[in-house]
Amino acid sequence: ELWKRLEERGRVDDEKDAILARWTVFDRTTKEMSEILKANNVKIAEVDGVGKIEQITERLEKVLKEWGTI
């Protein structure tokens with residue numbers, strides 16, 4: 001889904017090689033940070049980011065409410 005969204009933006013720097021390079025860095029750093037946070041008992045939740053903005057917002061709010069942060 002993310003790859004499709006990036007390609008659809010039509011920016012000059014959104015060619016396949018550029019997207020792949022950015023995705024590789026994002027994926028590696030996200031996994032590393034996730035492992036560090038989990039090792040330090042920091043709450044982490046995966047939220048489905050596919051759908052309408054309102055749907056995604058509802059999913060995020062649900063997690064935050066479950067955690068008692070909102």
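This report walks through a surface patch, a pocket and the salt bridges of a predicted model.

## The nonpolar patch

Start with the outside of the protein. Leu 2, Trp 3, Leu 20, Trp 23 and Phe 26 come together as a nonpolar patch on the surface, and their accessible area adds up to about 460 Å². Two helices, H1 (2-9) and H2 (16-39), each put in at least two residues of this patch. H2 is the bigger giver here, with three residues.

Trp 23 is worth a look in the viewer. This residue sits in helix H2, and its relative accessible area is 34%. That value makes Trp 23 partly exposed, because the partly exposed class runs between 20% and 50%.

## The largest pocket

Next, the empty space. The largest pocket holds about 390 Å³. Its lining includes Leu 2, Trp 23 and Phe 26, and those three names also turn up in the nonpolar patch. Further along the chain, Thr 30, Met 33, Ser 34, Leu 37 and Lys 38 are among the lining residues, as are Ile 44, Ala 45, Glu 46 and Val 47.

H2 gives the most to this lining too, with seven residues. Sorted by class, the lining has eight nonpolar residues, two polar ones and two charged ones.

## Salt bridges

Now for the charged side chains. The model has eight salt bridges in total. One of them pairs Glu 1 with Lys 4, at 3.7 Å from N to O. Both partners are partly exposed: Glu 1 has a relative accessible area of 43%, and Lys 4 comes in at 42%.

Another salt bridge joins Lys 16 to Glu 7, where the closest N and O atoms are 3.4 Å apart. Lys 16 counts as exposed at 54% relative accessibility, while Glu 7 is partly exposed at 34%.

## A buried aspartate and its network

Asp 14 makes a salt bridge with Arg 9, and the closest N and O atoms of this pair are 2.9 Å apart. Is Asp 14 buried or exposed? With a relative accessible area of 7%, Asp 14 is buried, because anything under 20% falls in that class. Arg 9, on the other hand, is partly exposed at 43%.

The pair doesn't stand alone. Arg 9, Arg 11, Asp 14 and Arg 22 are linked in a network of salt bridges, so if you are browsing the structure, pick out Asp 14 as the acidic member of that group, since a salt bridge runs from Lys or Arg to Asp or Glu.

Definitions and conventions. Residues numbered from 1 in each chain as written. Predicted model: local features only at pLDDT ≥ 70, side-chain atom pairs only at ≥ 80, totals over all residues. Heavy atoms only, no water. Patch = residues over 30% accessible without salt bridge, like charges linked within 9 Å, V, L, I, M, F, W, Y side chains within 5 Å. Areas by Shrake-Rupley, 256 points an atom, 1.4 Å probe, with all protein chains shown as cover. Salt bridge = Lys/Arg side-chain N within 4 Å of Asp/Glu carboxyl O. Helix = DSSP H or I, 4+ residues; strand = E, 2+ residues; numbered from the N terminus. Buried < 20%, exposed > 50% of the residue type's maximum accessible area, 1.4 Å probe, protein only. 1 Å grid on protein atoms, 1.4 Å probe; cavity = no way out; pocket = protein on both sides within 12 Å on 5 of 7 lines; lining within 4 Å. Points joined across faces, edges and corners; volume = space filled by probe spheres on them. Nonpolar A, V, L, I, M, F, W, Y, C, P; charged D, E, K, R; others polar.
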